Amino acid sequence: MDKLIDDELLVAQFKSGSQKAFDDLMKRYEQKIFGYLLRSVRNYEDAEELTLEVFFKAYRALNKWEPKAKFSTWLYTIASNLAIDYHRSKSRQPIYMYEDEEVIETRLVANDISSNPEKNIEDKERGHLIRKAVDELSSKQKAVFMLSRYEGLQIKEVAETLGMAEGTVKIHLHRAIKKLQTLLRPLWENNEI
């Protein structure tokens, strides 16, 4: 069954009183939303809290939801808005890493036990440099880039999620990629990436 139709069916079941239908929707999207928020806020506990808040807000508003966009797009919209609010509330405070990035990475990526430890170290270093470059993007460029490249959303879905025109999303994505190329080019030339 098509996932979109399946989501709509679960929403209809929830609207008819099935708590299990909401639980199934939450199980389906919890890790994706958590991963998106963790990459956005860079703090495990805050990402957990925000993920719960996304589903709390979704639960309270689900009876009003209409399938104008995909259910997942609606969830990412809620998550994106909460991430924006999170960053606004933190913008006046100095930014500190509350948690070791290695801990965050191990929670996001499963390790292959037969992998090469030296390659793992290189991959972690490369990932750190890329994350640092992504953090240099403007907030809109970063949001568009993360939803498009990390979450795999289509331009239309990113536009719906962020409340932007598709052309605006394309411009922000283009500028983000150009800026990342500029920031990371010296590393490529030095074979650090």
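Which backbone atom lies 2.8 Å from a polar atom of the side chain of N43? It's the backbone nitrogen of D46. Keep that little link in mind while we walk through the rest of this predicted model, and we'll come back to it once the helices around it have been introduced.

Start with the overall plan. The protein chain comes to 9 helices and 0 strands, so if you read along the sequence, the pattern is α-α-α-α-α-α-α-α-α. There are 193 residues in the chain, and buried ones make up 38% of them. About 11900 Å² of the protein chain is exposed, with carbon and sulfur atoms supplying 51% of that area. Now think about which parts of the chain meet. Take the contacts between residues at least 6 apart in sequence: 63% of them join residues at least 24 apart.

Next, the inside. In soluble globular proteins, nonpolar side chains tend to be buried together. Here, the largest nonpolar core has 50 residues. Those with the most contacts inside this core are I33, L37, V54, L62, F71, W74 and L75. Which helices supply at least two residues each? The list runs α1 (3-15), α2, α3, α4, α6 (117-135), α7 (139-150), α8 and α9 (166-189). The biggest giver is α2, with 11 residues. For a close-up, pick V54: leaving out residues up to four places away in sequence, V54 touches I33, L37, L75, I78, A79 and L82. Two of the names in that list, I33 and L37, are also among the residues with the most contacts inside the core.

The aromatic rings are worth a stop of their own. A search of the whole structure finds 10 aromatic pairs. One of them is F34 with Y44: the ring centres are 5.2 Å apart and the planes sit at 75 degrees, so this pair is edge-to-face. F34 belongs to helix α2 (residues 19-41) and Y44 to helix α3 (residues 44-61), so the pair links parts of the chain that are 10 residues apart. Both F34 and Y44 are buried. Another pair is W65 with F71, whose ring centres are 5.7 Å apart with planes at 90 degrees, and that makes this pair edge-to-face too. W65 is buried, with a relative accessible area of 6%, and F71 also counts as buried, at 1% relative accessibility. These two don't stand alone: ring pairs link Y29, W65, F71 and W74 into a cluster. F71 and W74 appear again among the residues with the most contacts inside the largest nonpolar core.

Now back to N43. This residue is in the loop between α2 and α3. Is N43 buried or exposed? N43 counts as buried, because its relative accessibility is 5%. And it's from this buried spot in the loop that the N43 side chain has a polar atom 2.8 Å from the backbone nitrogen of D46.

Helix α4 (residues 71-90) gives us three more residues to look at, beginning with T77. At 18% relative accessibility, T77 counts as buried because the cut-off is under 20%. Setting aside neighbours within four places in sequence, T77 is in contact with E160 and T161. S80 is found in α4 as well, and at 2% relative accessibility S80 counts as buried. Leaving out residues up to four places away in sequence, S80 touches Y36, T161 and L162. The C-alpha atoms of S80 and L147 are separated by 9.1 Å, though these residues are 67 apart along the chain. The third residue, S89, is also in α4, but S89 counts as partly exposed, at 47% relative accessibility. A polar atom of the S89 side chain lies 2.8 Å from the backbone oxygen of Y86.

T161 turned up as a contact of T77 and of S80, so let's finish at its helix, α8 (residues 155-162). In α8, E157, V158, A159, T161 and L162 are buried. After α8 comes G163, whose phi is positive, near 65 degrees.

Notes
Residues numbered from 1 in each chain as written. Predicted model: local features only at pLDDT ≥ 70, side-chain atom pairs only at ≥ 80, totals over all residues. Heavy atoms only, no water. Helix = DSSP H or I, 4+ residues; strand = E, 2+ residues; numbered from the N terminus. Buried < 20%, exposed > 50% of the residue type's maximum accessible area, 1.4 Å probe, protein only. Contact = heavy atoms within 4.5 Å. Areas by Shrake-Rupley, 256 points an atom, 1.4 Å probe, with all protein chains shown as cover. Polar contact = N/O pair within 3.5 Å; in protein donor to acceptor, adjacent residues only side chain to side chain. Phe/Tyr/Trp six-rings, centres within 6.5 Å; stacked < 30°, edge-to-face > 60°. Core = buried A, V, L, I, M, F, W, Y, C linked by side-chain atoms within 4.5 Å.
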